[in-house]
Amino acid sequence: MFGLFLLLCWWLITVQEGVESWMLPSPAEFATRLVSSLSSTALWQALWVTLKEAALGSLCGAVIALPMAYLIYKSKVFSAAVEPFLGATQAIPAIALAPLLVLWVGYGTSAIVALCTLMVFFPILVSTTVGLRHLDVDVMEAARLDGASGLTLLLHMEIPLALPSILAGLRNGFTLSVTGAVVGEMVMGGAGLGTVLTIQRNSLDTSGMFVTISLLCVMAMTVYSLIYTVERKSKLVNTSRR
């Protein structure tokens with residue numbers, strides 16, 4: 001219903017107020033451009049490039065953040081030494097590091113993936129750390145009394161019980177990674193949807209920009225929903241275990 005309301009408002013603004021299409025295309029113009037754009041192989045290739053960059057950034061961020069979160073959870077010394085610096089790094093916008101990444105890594109995919117990694121690292125780290133720190137004390141103690149420890153405790157108790165929090169971090173991280181990929185392409189070059197947006201912006205192709213932004217939203221929402229579904233199932237499994 002809310003979507004229909006927004007669509008109606010959009011139509012009223014463009015039709016009743018006489019807004020020019022280069023400022024805000026009508027729903028009909030958007031639909032026409034969407035249909036024609038979906039038949040373009042180049043657009044699908046650009047979508048795949050952005051998706052790949054965002055996925056690689058999320059993967060790299062997770063590979064770094066998950067072990068660090070576990071160390072923070074296990075070691076008070078490591079936690080006290082690292083956490084203040086991690087908080088301080090959030091005062092620096094990751095996007096502001098793009099020019100430095102160009103100097104260090106160069107233009108193209110590697111720099112964009114590095115930017116995505118920086119953007120997703122902190123959300124995954126925080127969510128995972130919170131999940132591990134809020135494990136059920138009684139359940140963990142019972143597992144230790146049964147002889148579980150070390151790798152066994154990690155694989156069979158700590159990870160499964162903290163999985164909803166880990167997935168929540170990955171879910172939010174991927175959304176940020178899409179943003180990082182698009183901004184990275186606009187700043188550092190590339191062949192994804194960020195580059196397409198730049199070209200459309202420079203040519204005042206507002207309808208095309210609407211289409212490209214819509215595809216980005218659909219991509220992010222699809223992955224977000226898939227991870228959220230897995231997250232809900234993991235919560236149900238944990239509830240049944242208790």
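This tour moves through a predicted model, from its salt bridges to a buried threonine and then to a short stretch around helix α5. Residues are numbered from 1 along each chain as its sequence is written, and side-chain values use heavy atoms, with hydrogens and water left out. Because the model is predicted, local features need pLDDT of at least 70 and side-chain atom pairs count only at pLDDT 80 or more, while totals for chains, interfaces and linings use all residues.

**Stop 1: the salt bridges**

Select Arg33 and Asp205, which form a salt bridge with their closest N and O atoms 2.7 Å apart; the term stands for a side-chain nitrogen of Lys or Arg within 4 Å of a carboxyl oxygen of Asp or Glu. Arg33 lies in helix α2 (residues 27-38) and Asp205 in the loop between α9 (193-202) and α10 (206-241), so the pair ties together parts that are 172 residues apart in sequence. Helices here are DSSP runs (H or I, at least four residues), numbered from the N terminus. Arg33 is partly exposed at 27% relative accessibility, whereas Asp205 is buried at 18%; buried means under 20% relative accessible area, exposed over 50%, and partly exposed in between, with a 1.4 Å probe and protein chains only.

The structure holds 2 salt bridges, so select Glu158 and Lys74 next, whose closest N and O atoms are 3.3 Å apart in a salt bridge. This pair links distant parts of the chain, with Glu158 in helix α8 (residues 150-188) and Lys74 in helix α3 (residues 41-74), 84 residues apart. Glu158 is buried, at 0% relative accessibility, and Lys74 is partly exposed, at 42%.

**Stop 2: Thr50**

Stay in helix α3 and select Thr50, which is buried with a relative accessible area of 0%. Its side chain is joined to that of Glu185 by a polar contact of 3.2 Å, meaning a pair of N or O atoms within 3.5 Å of which, within protein, one must be able to donate a hydrogen and the other to accept it, residues adjacent in sequence counting only if both atoms are side-chain atoms. Leaving aside neighbours within four places in sequence, the residues in contact with Thr50 include Ala181, Val182, Gly192, Leu193, Leu216 and Met219, where contact means heavy atoms within 4.5 Å.

**Stop 3: helix α5**

Finally, select helix α5 (residues 98-105), whose buried residues are Ala98, Leu101 and Val102. Seen down the axis of α5, these residues fall within an arc of 105 degrees, so they line one face of the helix; the arc is that of the directions from the helix axis to the C-beta atoms. The face turned away from the buried side of α5 carries the exposed residues Leu103 and Trp104. Gly106 follows α5 and has a positive phi, near 100 degrees.

Methods: Helix = DSSP H or I, 4+ residues; strand = E, 2+ residues; numbered from the N terminus.
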